[in-house]
Amino acid sequence: MSRVQNIKICSADDKTLVRISREGLLSLSIEEMRRIKKYFVDIGREPTDLELEMIAQTWSEHCFHKTFKSKIKYTEVLADSNPTTYEISSLFSLIREATDTLNKKWCMSVFKDNAGIIEFDRNNCICFKVETHNHPSALEPYGGAGTGIGGVIRDILGAGLGAKPILNTDVFCFGPLDISHDELPDGVFHPRRLFKGVVSGVRDYGNRMGIPTANGAILFDAGYLYNILVYCGTLGIMPKWAVRKKVKPGHLIVLIGNRTGRDGIHGATFSSASLEKDIPTSVVQIGNPIIEKKMLDALITARDRKLYSAITDCGAGGLSSAVGELSQECGAVVNLENVPLKYPDLKPWEIWVSESQERMVLAVPPENFNELKKILESEDVEYACIGNFTSTKKIEIYHEKELAGELKLDWLFQKTQLPVLTAYFEEKKPVDIVPENIDLEEVFLQLLSDPVIASKQLVVRQYDHEVQAHTIIKPMLGVDGLGPSDAVVLAPVYSRYQGIVVSCGINPWYGMIDPYHMAGCCIDEALRNIVSCGGDPDRTALLDNFCWGNCNDPVELGKLTRCVRGCRDFALKYNTPFISGKDSLNNFFTKQDSTIVSIPGTLLISAVSVIKDVRKSMSSDFKSAGNLIFILGETKKELGGSRFFHILNLEAGSVPQAKPEISLQVMRKLHTAISQNLVRACHDCSEGGLIVAISEMMIGGGYGAEINLEKVSSEIDAPVVALFSESQGRFIVEVDEASIDRFEKLFKGLPCSCIGKIIPDFRLKIFSGGSQILDVDGEQIKQRWCGALQW
Amino acid sequence: MLLRKPGRNTGRFTTYLPVDMNIEYIIRIGLKRNLFDAFGSEVLQSIRELGITGIDRVYVYDVYKVYGDVDISLVRKIGKELLLDPVSQVMKIYRFYDDEKCENPCVEVWYLPGVTDPVALTATKGIKDLGIRNQLGISCGKRYEFIGGKLNRKILETISTRILANTLIHSYTIKGI
């Protein structure tokens, strides 16, 4: 009996087409179903189940990024202005515009491979990719997060001809940990369970693979109660000759790694839908890092012997996506009965779109197959030759000699006429208020215990950040290993001092006020973190990851569009190209009463930079009593979206706005100052403002500080603004007596002010208006900051 | 009974058929009682966060279901030489159907059929590395034993669904009530 089923669509009406898409979990729109119907009417036959599945996977939001590729009619209403309408060719083109305009020579491969690739040194390149695994992690936090990091590691293995992974990053957004179980609807896990599961999943996969996890962030907000966000990143290093891949007709299609089962079926099309209560079991994958580690070791050996000409990972869409993309320019014949299975009785379409983890597809010249086999066998990696590439420009898929699917690749991957989307954004005029009569000490201690600000050592210490012995600046540092680091610094080549700096920037609360300035702030923060640790701002590349809610809603799409415009504008102004990115849309939850709850639009900016000499990298902990404390950058009345207002439950204030024209100059000078050994410690001012930054430097160094707020800014008279404003582009810097003159000379004409000094007594003393307004014991500060986040 | 068929010549793999499920042993491995059970304490803390009080301790065990061409001596060898750390753990082996009378309330959690079970895959390889060529299968689960408190099926259902099992990928069984 045939195992391939024909689906009757050629004579189906619209209602039937919609039903076929819905019942098959294909997530195809009626316009797309009509296109498919026309194609098969033209060739005079009905599609098979496999063909429909392959089309649905290829055209899914996850794989095709329809929203980012569509034209958008965008109307923007700024405060005190008339509405302006823009015709935007696509969001993707906006992002791409910044990279193309900057046209950096050191960008080796951008937006076309599995990861962005930049030059590292004369012989090597770095590739970096950040992915999201939100829906799977919401359903099964341990497995979902583990396979999230497993998937992005394979992206790095599949970039160019494969890079060696040397660093993992992770950023998570959860609902409040203290929410009552009774407030959660059916089908939603408690944030604490999700938190534990996600952290454990990333920890176990990364640690077992022998890759350090050493940079990230964790955020908590009620907006993530129904849909958590799990960003996983991996950075790899590869020889320059391995940047390009080329598939040639006649090369064998070799599948290596794990066997194929039903796990993960419909993952790609599932990500095009919202989360609802009833979810099929098959979308959940469980990872097996041991298999992936063996595959990694075998692949690096095979790459260095140049045994294959192209490689890609089996991610969303499985073989359908991997073989489809590799054969896009030529064609392929696949024999599905050769695919190693976990258990029998899988239907051909299930084998084709299964998202079983830890699998990769290689294009292997036939003469190299035997040598490749030996390497794979020596590392105990399973493999199978499942077909070969052709020059027919079509993909033919057989199962037990029966044709299970045949599609023209030009048609499958053609640029389609996507509908023009409508987007709308209206700016709200900010109401600036300065809270008065507050208990400064109480608010300060509350801020330190705020889970967003508090130490993440509970999580960081579960990750292995030392494995591979490249890590120079670690996530926690200082005398007791309790101080936070702004970024991680790696020295990836053992015989050399040249290094890599990796950081991130994220703040959805600014985006709730204005997504444009959120973009500016995230880029500024990621760059600040890079520069704080010694990275070069002019040798920094960015990655964008947008997680958004229901983009069918013009208002949500308007916020996304404004955010993307911000990314373009600020990337240009900061001279930093985007090299890779990803969007995860449809992060919304449909309640039983049909109301839709979207997440706060969230942009993660990841940054990677190069440092010439890791011995010149910088840490944030105070080094010596008596040294002076400087603030670089301007402090303004920018409390909108701040953690200070969050503690006070205030929804008001101006959102911080990045000032690249000043910030970039400050960053360049600071990079010079660090390179010239003029700086002893450096930390950026971010969430919580100046007082939190100073506290973290104290905890790291075990010293106290005296700060005079009048020196922070001549424009500000209210102490709470000086203490808690989250103005961008600011750094706290420790300078010793001997370097002061050179340091001040370097920053002449830029915002730079000495605001106090380091004291031996472990206390924080704040002065304003000639009197002491705060005096807090350092041990109390440490206890509040270190002990707030618990399992 | 035919348990496997040879792999095809296109690569190095074999396609497995299900093994005989009639013979089934459970290997239960837990920490020695004098040692601190960090995992059990974490589960107990989560239970208390649910507002369920009265439980004094939770013991957590790894449970392995071994089935197919096996007898008790072979299962003992697998347990002792592959799965047990004799310094910190104790092991008990029993036939699957002999275990219905539990001293204390328990919940057992297993992966649903078809869900990837990486520990079982590694254990299968370990069994081969021990030189055992019998046609057998293994699957892995967790067993939670509750000491103290007035527990009923409803409370254990709540604990199971909110803390111990994700019904999307797990099945769970309540015992000893």
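# Exercises on a predicted model

A:Cys125 counts as buried, at 0% relative accessibility. Here buried means under 20% relative accessible area, exposed over 50%, and partly exposed in between (1.4 Å probe, protein chains only).

This is a predicted model, where local features need pLDDT of at least 70, side-chain atom pairs count only at pLDDT 80 or more, and totals for chains, interfaces and linings use all residues, while side-chain values use heavy atoms, with hydrogens and water left out. Residues are numbered from 1 along each chain as its sequence is written, and chains are lettered from A and ligands numbered from 1 in the order in which they are written.

## Exercise 1: cysteines

Find how many disulfides the whole structure has, then check A:Cys125 and A:Cys521.

Step 1. Set the cut-off: a disulfide is a pair of cysteine sulfur atoms within 2.5 Å.
Step 2. Search all chains; the result is zero disulfides.
Step 3. Take A:Cys125. Its nearest cysteine sulfur belongs to A:Cys127, 8.4 Å away.
Step 4. Take A:Cys521. Its closest cysteine sulfur is in A:Cys522, at 6.9 Å, so the two are too far apart for a bond.
Step 5. Add accessibility. A:Cys521 is buried, with 2%.

## Exercise 2: a helix

Compare the span of helix α8 of chain A with the expected one, then find how many of its residues are buried.

Step 1. Fix the terms. Helices (H or I, at least four residues) and strands (E, at least two) are DSSP runs, numbered from the N terminus. The expected span is 1.5 Å times one less than the number of residues.
Step 2. Locate α8: residues 141-157, 17 in number.
Step 3. Compare. From first C-alpha to last the helix reaches 24 Å, close to the 24 Å expected.
Step 4. Count cover. In α8(A), 16 of the 17 residues are buried.

## Exercise 3: cavities

Describe the largest cavity and the second largest cavity.

Step 1. Define. On a 1 Å grid over the protein atoms alone, a cavity is a set of points where a 1.4 Å probe fits but cannot get out; lining residues have an atom within 4 Å of a point. Points are joined across faces, edges and corners, and a volume is the space filled by probe spheres set on them.
Step 2. Count: there are five cavities of 30 Å³ or more.
Step 3. Take the largest cavity, of about 740 Å³. Its lining has 36 residues; A:Gly216, A:Ala217, A:Lys456, A:Pro484 and A:Ser485 lie nearest its centre.
Step 4. Name the main contributor. β7(A) gives the largest share, seven residues.
Step 5. Sort the lining. Ala, Val, Leu, Ile, Met, Phe, Trp, Tyr, Cys and Pro count as nonpolar, Asp, Glu, Lys and Arg as charged, and the others, Gly among them, as polar. The largest cavity has 20 nonpolar, nine polar and seven charged residues.
Step 6. Turn to the second largest cavity, with about 100 Å³ of space. Its lining includes A:Gly633, A:Glu634 and A:Gln728. The split is two nonpolar, six polar and four charged.

## Exercise 4: positions and distances

Place A:Lys582 and A:Leu572, then give the distance between the domain centres.

Step 1. A:Lys582 sits in strand β23 (residues 578-584) of chain A. A:Lys582 is buried, at 13%.
Step 2. A:Leu572 lies in helix α20 (residues 554-574) of chain A. A:Leu572 is partly exposed, at 29%.
Step 3. Chain A is divided into domain 1 (1-47) and domain 2 (442-787), with bounds from an automatic or database domain assignment. Their centres, taken over C-alpha atoms, are 52 Å apart.

Terms used. 1 Å grid on protein atoms, 1.4 Å probe; cavity = no way out; pocket = protein on both sides within 12 Å on 5 of 7 lines; lining within 4 Å.
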